[in-house]
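Hi,

Here is the structure I said I would pass on. Have a look at it first, and then read my notes underneath.

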Amino acid sequence: MLPTRPSPDVALTFLTPNHTLQRLIKAWISSNEAKDVDEQVPPPKYSLNRFHLQKLVNNLEVPSCFRTAMEKIHDLAKQSERNRTCMVEVGVTKAMVMVIKKSFKEGNIICLEEGLKTIRLLWHEAMVKNMIKPLVGGNMEFINSLSWILKIYIDNNDVKMVNEVMLLLKLTIEIVDSSLIGNLNIEFFREIVRVLRKRGLFSKQTIKSALHVLIGTSSLGRNRTRIMEAGGVSELIEIELENPKKSMTELIFNLLAHLCSCAEGREQFLRHAAGIAMVTKRILRVSAATDDLAIQVISMIAKYSSSKETVLEMLRVGAVSKLCMVMQADCASYLKEKARDILRLHSTTWNNSPCIQVYFLTRNQR
């Protein structure tokens, strides 16, 4: 005869509570309260399949479903690389780009945060599959949309989202068609320079992204003019006076060298009381790349904007002494040649200085 199955109540009497494990769990939660550990079990993740994804994308066209669909898409993108690969293949990247463009056209900021973050999360996978450039690099719509969004978030001092938009702008400028770079308007550059001006609010990475955007667009003369009109030269000098790390200094000097290649840039540079002194101080103190760019700036000033006052200021702030040091330092021969050329330009004015010797002006390289 088969044994009878015990009732549920009887079965429960055989379960022994693990009080030791319970105490350990409570002790761990208590010790991690400062880290905002939540006692509750996290909510289950969404199951992912192509049909489910396609339904979410279709729901973006339904006003009553839009917010929920955006939130779920963002959650899925955060969960795993596998999810992101599937999302790119299904066309979620394109859908998010369209959402951003539509928001710009309609002046609608609903779910912009989810849209921007999702695009950033999918960016690398879309790049690998050569799917991102056709979406954002063919016309000005996406850049104009990001510029509009950036202005909104700067006006609202929304630090987190300014960080997000600046990174996307940097990524976009890196792949956009070169023919479009010349179509950027002054408002675009004003917003980027405004990020530099309010740098105390934002992360160092955001400031670097802004510098990368300006460098990436400064190859055209019209853009250099717009950067200067936006007040870019002064802000670059002010940032460098705060003694940033080497990587940021190299970006700043890269951009200064571009801007000082034109008369308006040199004029703005010289208008700042600390311009020449700041560049002089960085020579032989940061990196070989910075030395090259700094001497390039000094050279352009000495050749094309060398008023009597400027030449005397170069002597007063130590630029002449530093050029002499370059000729004695263990650095590239072409840098020494650049330094010698600058010293020769105004030797009649600088010869009376105790820091300069005719030897440095006339000797040949060994």
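Below is what I found, starting with confidence and moving on to aromatic pairs and helices.

One thing up front: this is a predicted model. The mean pLDDT of the chain is 87, with 86% of the residues at 70 or more. Confidence peaks in helix α16 (residues 246-259), at a mean of 98, and bottoms out in helix α1 (residues 8-12), at 41. Over residues 5-15 the pLDDT is below 50, and that stretch makes zero contacts in the model beyond near neighbours in sequence. Where pLDDT is low, the predicted coordinates should not be read in detail.

Now the aromatics. The count comes to two aromatic pairs. One of them is Phe104 with Trp148: the ring centres are 5.8 Å apart and the planes sit at 55 degrees, so this pair is tilted. Phe104 belongs to helix α6 (residues 92-106) and Trp148 to helix α9 (residues 141-155), so the pair ties together parts that are 44 residues apart in sequence. As for accessibility, Phe104 is partly exposed at 32% relative accessible area, and Trp148 is partly exposed too, at 22%.

The other pair is Phe188 with Phe189. Here the ring centres are 5.2 Å apart and the planes are at 90 degrees, so the pair is edge-to-face. Both of these residues, Phe188 and Phe189, are buried.

Back to α9, since Trp148 sits in it. What span should its 15 residues give? At 1.5 Å a residue, α9 should cover 21 Å, and its end C-alpha atoms are indeed 21 Å apart, so the two agree. Its buried residues are Phe142, Ile143, Ser145, Leu146, Ser147, Ile149, Leu150, Tyr153 and Ile154. Those buried residues pack against α6, α7 (112-128), α8 (133-136), α10 (159-175) and α12 (186-197). After α9 comes Asn157, which has a positive phi, near 55 degrees.

Last, a residue in α6 to click on: Thr93. Is Thr93 buried or exposed? At 4% relative accessibility, Thr93 counts as buried, because the cut-off for that is under 20%. Leaving out residues up to four places away in sequence, Thr93 touches Met87, Val88, Leu122, Ala126, Ile132 and Leu135.

That's my list for now. Shout if anything is unclear.

Cheers

Note on methods:
Residues are numbered from 1 along each chain as its sequence is written. This is a predicted model: local features need pLDDT of at least 70, side-chain atom pairs count only at pLDDT 80 or more; totals for chains, interfaces and linings use all residues. Side-chain values use heavy atoms; hydrogens and water are left out. pLDDT is the predictor's confidence in each residue, from 0 to 100. Helices (H or I, at least four residues) and strands (E, at least two) are DSSP runs, numbered from the N terminus. Contact means heavy atoms within 4.5 Å. Rings of Phe, Tyr and Trp (its six-membered ring) pair if their centres lie within 6.5 Å; planes under 30 degrees apart count as stacked, over 60 as edge-to-face and the rest as tilted. Buried means under 20% relative accessible area, exposed over 50%, partly exposed in between (1.4 Å probe, protein chains only). The expected span of a helix is 1.5 Å times one less than its number of residues.
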